[in-house]
Amino acid sequence: MKPEKAFPLLEECKREFHNAGAHRRFLNLKFNQAHCFMKLGLFNEADQIYLNLIQTYDQVDTERFVAMVYSNYSWSKLLQKKYAEAINLAQTAVQLKTNFEDVYITLSYSFYQLGESEKALSVIDDFRAQERTDPRSKMVMKFLEVLESYLLKDKVYFECLANQLLPLLPEWKDLEVDLLVYQMLIDYYKAEQNEHELCGVQEKMIKFLLKE
């Protein structure tokens, strides 16, 4: 989560892995390098690495690895608001039996942004049916419940769930859904023409961005 500190280590590891012929570890290093680029907002650089990994993974690794690449590649497209591309990549990750819970955030939120509420709700139902009990999956489900209540126009429940989730997110920085929750709240208060609450949410989002 601190890419500026990771990059010097990545370069050192790259030389060592290359000299040792450690091809599988070299792939994992490239994957981490792409994630660092994404954290820095250098999406073209990150996407090029993801694409290259997809094209070359079968030389040294398994579908499990490429599923992980597709999952993160789809997240990169989500952050760039390229929602149709994000959906295609995330669906491929699911087909490859990814265990990465966040791909369901990518799918449901992208469908929501494209105005396909029924598909978004179907994705949420699919994830709920898996009955995952690990801590990260529970946090993903909390986010999906916020989105679900928003899509179902359950106003009271949506506000309650969203405001319960936000204080939990500092403990889950790598989940990176803060801005998605803020955006839903902003869209909601705009639709309600509630300028008082809208200004409050926008102020909180600005503080979050400055802290980042």
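Which side chain does Asp125 meet in a salt bridge? Hold that thought for a moment, everyone, and thanks for coming.

Before the answer, a word of caution: what you have in front of you is a predicted model. Now, the partner of Asp125 is Arg128, with 3.3 Å from N to O. Both residues sit in helix α7, which covers residues 117-129, and they are three residues apart, about one turn of the helix. How covered are they? Asp125 has 41% relative accessibility, so it counts as partly exposed. Arg128 is at 33%, and therefore partly exposed as well.

Let's step back to the whole chain. It has eleven helices and zero strands, so if you like reading topology strings, this one is α all the way from the N terminus on. Along the principal axes, the C-alpha atoms fill a box of roughly 60 × 35 × 30 Å. The radius of gyration is 18 Å, which agrees with the value near 17 Å for a compact globule of 212 residues. Of those 212 residues, 43% count as buried.

Back to charges. The structure holds eleven salt bridges, and I'd like to show you a few more of them.

Take Lys77 and Asp47, where the closest N and O atoms are 3.2 Å apart. This pair links distant parts of the chain: Lys77 belongs to helix α4, residues 63-79, while Asp47 belongs to helix α3, residues 43-56, and 30 residues separate the two. Are these two buried or exposed? Lys77 and Asp47 are both buried.

Next, please find helix α11, residues 195-211. Here Glu203 and Lys207 lie four residues apart, about one turn of the helix, and their side chains meet in a salt bridge of 3.6 Å, N to O. Glu203 counts as partly exposed because its relative accessibility is 46%. Lys207, with a relative accessible area of 52%, is exposed. Elsewhere, salt bridges that share partners bring Glu101, Asp102, Arg136 and Asp174 together in one network.

My last stop is the surface. Which residues form a positive patch there? They are Lys2, Lys5, Lys173 and Lys211. Look at Lys2 in particular: it is placed in the segment before α1, the helix of residues 3-20. With 52% relative accessibility, and exposed meaning over 50%, Lys2 counts as exposed.

So, to take home: an eleven-helix chain without strands, eleven salt bridges, and a positive patch of four lysines on the surface. Thanks for listening, and I'm happy to go back to any of these residues with you.

Conventions: Residues numbered from 1 in each chain as written. Predicted model: local features only at pLDDT ≥ 70, side-chain atom pairs only at ≥ 80, totals over all residues. Heavy atoms only, no water. Patch = residues over 30% accessible without salt bridge, like charges linked within 9 Å, V, L, I, M, F, W, Y side chains within 5 Å. Areas by Shrake-Rupley, 256 points an atom, 1.4 Å probe, with all protein chains shown as cover. Lys, Arg positive; Asp, Glu negative; His and termini not counted. Charge placed at Lys NZ, Arg CZ, Asp CG, Glu CD. Buried < 20%, exposed > 50% of the residue type's maximum accessible area, 1.4 Å probe, protein only. Rg over C-alpha atoms; globule rule 2.2 N^0.38 Å.
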